Amino acid sequence: MTLAVRYYSLSRNTKTIAQAIAKGANTTAISIMDEPELPEHVDLLFLGGAPYADIMSKHLREYAENIKPEMVSKVALLTTSNWSRRTVHALRKILTNRGIEVEEKYFYAHLLRIKAQIPAAEEFGKQHLETEK
Ligand SMILES: Cc1cc2nc3c(=O)[nH]c(=O)nc-3n(C[C@H](O)[C@H](O)[C@H](O)COP(=O)(O)O)c2cc1C
C-alpha cells in the first residue's frame with residue numbers, strides 16, 4: 001500500500017495541512033514545485049492547493065492535467081482558502097475527466113484555522129492509511 005502527498009502552496013497554509021495529512025498517513029508531503037512528477041505508482045495520492053483570485057495556480061492545474069492515470073489508483077483532495085472550495089471542484093473535474101478516481105470526501109481548512117485543523121488533518125491521513133491497509 002503506497003500513499004503520497006503532493007501540494008502547491010504559496011504562503012504555507014496548504015503546506016501545513018499537507019504535512020499534517022502526511023504525518024497521519026505515515027508519508028512525506030512534497031511540493032509539486034520540488035517534484036514535478038510522481039516517481040512511481042501510488043495507491044492513494046493526496047493532492048491539493050488553494051485558490052488565488054478564484055482560481056488555482058497554473059502549476060497545480062498543469063500537474064493535475066499531467067498525472068498519468070496508470071500512476072495513481074485514487075486521489076483524495078485537500079484545500080485551504082478564505083471561503084472557496086473551488087480548487088477541489090476544479091481538480092475533481094480535471095482528474096475524473098481523465099479517468100482518475102477521486103474520493104468524494106476531501107479535507108478543507110479555513111485560512112484562519114490552519115493550526116487548529118492540524119489534528120483533524122492528521123486524522124484524515126490516518127483514516128486513509130487504515131482504510132487502504
Ligand atoms: C492573491 C490572493 C487571492 C486569494 N483569492 C482567494 C479567493 O478567491 N477565494 C478564497 O476563498 N480565498 C482566496 N485567497 C486566500 C487563499 O486561498 C488562502 O490564504 C490559502 O490558504 C492560501 O494557501 P497557501 O498558503 O497554501 O498558498 C486568496 C489569497 C491571496 C494571497
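**Strand 1, an aromatic cluster and Thr 87**

Strand 1 and strand 2 (residues 29-31) pair in the parallel sense over three bridges. The model is predicted.

Student: In which sense does strand 1 pair with strand 3, and over how many bridges?
Tutor: Strand 3 covers residues 42-49. Within this pairing, Leu 45 in strand 3 stands opposite Ala 4. The sense is parallel, and the number of bridges is five.

Student: Which residue in strand 2 stands opposite Arg 6?
Tutor: Strand 2 takes in residues 29-31 and pairs with strand 1. The residue opposite Arg 6 is Ile 30.

Student: What hand does the β-α-β unit of strand 1, helix 1 and strand 2 have?
Tutor: The two strands of the unit are parallel to each other. Helix 1 (residues 13-24) is the helix of the unit. The unit is right-handed.

Student: How many of the residues of strand 1 are buried?
Tutor: Strand 1 spans residues 3-7. On one side Leu 3, Val 5 and Tyr 7 are buried, and on the other side Ala 4 and Arg 6 are buried, so both faces are covered. The count is five of five.

Student: Is the ring pair of Phe 107 and Phe 124 stacked, edge-to-face or tilted?
Tutor: The ring centres are 5.5 Å apart, and the cut-off for a pair is 6.5 Å. The planes stand at 55°; stacked needs under 30 degrees and edge-to-face over 60. The pair is therefore tilted.

Student: How many residues apart are Phe 107 and Phe 124?
Tutor: Phe 107 belongs to strand 8 (residues 107-110), and Phe 124 belongs to helix 4 (residues 118-132). The pair thus links distant parts of the chain, at a separation of 17 residues.

Student: Is Phe 124 buried or exposed?
Tutor: Buried means under 20% relative accessible area. Phe 124 has 3% relative accessibility, and its partner Phe 107, at 7%, counts as buried. Phe 124 is therefore buried.

Student: Which residue forms one aromatic cluster with Phe 107 and Phe 124?
Tutor: Phe 107 and Phe 124 form a tilted pair. The count of aromatic pairs comes to two. The residue that joins Phe 107 and Phe 124 in one cluster is Phe 46.

Student: Over the face of which ring does Arg 85 lie?
Tutor: Arg 85 lies at 3.6 Å from the ring centre. The ring is that of Tyr 108.

Student: Is Thr 87 buried or exposed?
Tutor: Thr 87 is in helix 3 (residues 86-97). Its contacts include Gly 49, Met 56 and Leu 60. At 2% relative accessibility, Thr 87 is buried.

Note on methods:
Residues numbered from 1 in each chain as written. Predicted model: local features only at pLDDT ≥ 70, side-chain atom pairs only at ≥ 80, totals over all residues. Heavy atoms only, no water. Phe/Tyr/Trp six-rings, centres within 6.5 Å; stacked < 30°, edge-to-face > 60°. Helix = DSSP H or I, 4+ residues; strand = E, 2+ residues; numbered from the N terminus. Buried < 20%, exposed > 50% of the residue type's maximum accessible area, 1.4 Å probe, protein only. Lys NZ or Arg CZ within 6 Å of the ring centre and 35° of its normal. Contact = heavy atoms within 4.5 Å. Pairing = 2+ DSSP bridges. Right-handed = clockwise from strand over helix to strand, strands pointing away. Lists of a residue's contacts leave out its neighbours within four places in sequence.
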